[in-house]
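Let's take a friendly walk through this protein, from its core to its overall fold. Have the structure open as you read.

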Amino acid sequence: MNYELAALTVEHRNEVIKPRRSITQVFHEIVRAGLQTGDFSVSDLEISATAIMSLGVDITRWYSPDGPWTPEMLGEIYAESALRIVGVAAPSSALQTHRTGAAGQTANAAR
């Protein structure tokens, strides 16, 4: 439904847009709070919040339980990515526990 809003009726589109706006507001508030405390450092709050939201939305387009990455591994790497988006140097040592086999070699080779 995120990619086919134009195909929805006005009534159904409005049903989708309201929770989307609420979710967007939550992400903006989180980034704003991190900026206010000095924990985050971003050049643009809206772009950073949108980038983090996109991580969660876009994974539904390609993730497969039969694929090489476990949900736990993806959660760790996506959390690390989100922290980096907001300017936090996330520790990557915990990720090594999820990097095994071909998926781990791929992830390590990308570094």
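## The nonpolar core

A nonpolar core is a set of buried Ala, Val, Leu, Ile, Met, Phe, Trp, Tyr and Cys residues joined through side-chain atoms within 4.5 Å. Please keep in mind that the model in front of you is predicted. Its largest nonpolar core has 8 residues: Val31, Phe40, Val42, Leu45, Ala49, Ile52, Ala82 and Val86. Helix α2 (residues 45-62) supplies the largest share of this core, with 3 residues. In soluble globular proteins, nonpolar side chains tend to be buried together.

Valine 42 is a good place to stop and look around. Leaving aside residues up to four places away in sequence, valine 42 touches Val31, Leu35, Ser48, Ile85 and Val86.

## Overall fold

Along the sequence the pattern reads α-α-α-α, with 4 helices and 0 strands in the protein. Of the contacts with a separation of 6 or more, 40% are between residues 24 or more positions apart.

What share of the 111 residues counts as buried? The figure is 23%. As for the surface, the protein exposes about 7,700 Å², and carbon and sulfur atoms supply 57% of that area.

## Helix α1

Helix α1 covers residues 10-37. Does its length suggest a span that agrees with the model, or one that disagrees? At 1.5 Å a residue, its 28 residues should span 40 Å, and the C-alpha atoms at its ends are 40 Å apart, so the two values agree.

Within α1, the buried residues are Val16, His28, Val31 and Gly34. Helix α2 is part of what covers them. Val31 also appears in the largest nonpolar core and among the contacts of valine 42. After α1 comes glycine 38, which has a positive phi, near 85°.

## The salt bridge

How many salt bridges does a search of the whole structure find? The search finds 1, and it joins the side chains of arginine 84 and glutamate 80, at 2.8 Å from N to O. Side chains of opposite charge can pair when their charged atoms come close. Both residues belong to helix α3 (residues 71-85), where they sit 4 residues apart, about one turn of the helix.

Are the two partners buried or exposed? Glutamate 80 has a relative accessible area of 7%, so glutamate 80 is buried. Arginine 84 has 48% relative accessibility and therefore counts as partly exposed. The pair thus links a buried glutamate 80 with a partly exposed arginine 84.

Definitions and conventions:
Residues are numbered from 1 along each chain as its sequence is written. This is a predicted model: local features need pLDDT of at least 70, side-chain atom pairs count only at pLDDT 80 or more; totals for chains, interfaces and linings use all residues. Side-chain values use heavy atoms; hydrogens and water are left out. A salt bridge is a side-chain nitrogen of Lys or Arg within 4 Å of a carboxyl oxygen of Asp or Glu. Helices (H or I, at least four residues) and strands (E, at least two) are DSSP runs, numbered from the N terminus. Buried means under 20% relative accessible area, exposed over 50%, partly exposed in between (1.4 Å probe, protein chains only). Contact means heavy atoms within 4.5 Å. Accessible areas come from the Shrake-Rupley method with a 1.4 Å probe; for residues, only the protein chains shown count as cover. The expected span of a helix is 1.5 Å times one less than its number of residues.
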